[in-house]
Amino acid sequence: MLSYALDAAANSGLFDTIHISTDCPDIQAVASDLGFSPDFARPSALADDFTPIMPVLAYVLAEYQRRGQHFDEVCMIMPTAPFIEAADLCKAADMFQKHGGKYSVISV
């Protein structure tokens, strides 16, 4: 399932960086085999079944900032969305820009 989300992200042409947030060596290996080596692992304290997504996203952004990399926009794509396509991501990006980046865009 991970490959569908990664392919959609890569094929959209929207992203300079595609990061896979996981603490699992098996998932890291699969992502690497697909050509998307994670830049760093998620700490185990943020990798249980009860951790909300926003602390994970905040950690990833803080870690990139610590490494000197900053982002104006962030897109989070869950690997449990196997039907997502590059065109869907492009439409969401267009919607985000249309409203001046004031509002988050989420698919349901």
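Reply: A helix here is a DSSP run of H or I with at least four residues, and helices are numbered from the N terminus. The model in view is a predicted one. With that term in place, Gly 13, just after α1, takes a positive phi of about 75 degrees.

Me: Which residues of helix α1 are buried?

Reply: Buried means under 20% relative accessible area. In α1, which covers residues 2-12, the residues that meet this condition are Leu 2, Ala 5, Leu 6, Ala 8, Ala 9 and Ser 12. Viewed down the helix axis, these residues fall within an arc of 160 degrees, so they line one face of α1.

Me: What covers the buried residues of α1?

Reply: The cover includes two other helices, α2 (25-33) and α4 (86-98).

Me: Which residues make up the largest nonpolar core?

Reply: That core has five residues, namely Leu 2, Leu 6, Ile 20, Ala 31 and Phe 36. Leu 6 may serve as an example of the packing. Once its neighbours within four places in sequence are set aside, Leu 6 is in contact with Ile 18, Ile 20, Leu 34 and Phe 36.

Me: How should I read a salt bridge, and how many does the structure hold?

Reply: Side chains of opposite charge can pair when their charged atoms come close. The structure holds two such bridges. In one, Arg 66 pairs with Glu 63, and the closest N and O atoms are 2.7 Å apart. In the other, Arg 67 pairs with Glu 63, at 2.9 Å between the closest N and O atoms. Through shared partners, Glu 63, Arg 66 and Arg 67 are joined into one network.

Me: Why can Arg 66 and Glu 63 be described as about one helical turn apart?

Reply: An α-helix has 3.6 residues a turn, so residues three or four places apart point the same way. Arg 66 and Glu 63 are three residues apart in helix α3, which means that about one helical turn separates them.

Me: Is Glu 63 buried or exposed?

Reply: Glu 63 counts as buried, at 10% relative accessibility. Arg 66, by contrast, is exposed at 61%, while Arg 67 is partly exposed, with a relative accessible area of 43%.

Me: Which residues make the nonpolar patch on the surface?

Reply: Ile 53, Met 54, Met 76 and Met 78 make a nonpolar surface patch of about 370 Å². Met 54 belongs to helix α3, residues 53-66. The relative accessible area of Met 54 is 55%, so Met 54 is classed as exposed.

How values were computed
Residues numbered from 1 in each chain as written. Predicted model: local features only at pLDDT ≥ 70, side-chain atom pairs only at ≥ 80, totals over all residues. Heavy atoms only, no water. Buried < 20%, exposed > 50% of the residue type's maximum accessible area, 1.4 Å probe, protein only. Arc of directions from axis to C-beta. Contact = heavy atoms within 4.5 Å. Patch = residues over 30% accessible without salt bridge, like charges linked within 9 Å, V, L, I, M, F, W, Y side chains within 5 Å. Areas by Shrake-Rupley, 256 points an atom, 1.4 Å probe, with all protein chains shown as cover. Salt bridge = Lys/Arg side-chain N within 4 Å of Asp/Glu carboxyl O. Core = buried A, V, L, I, M, F, W, Y, C linked by side-chain atoms within 4.5 Å.
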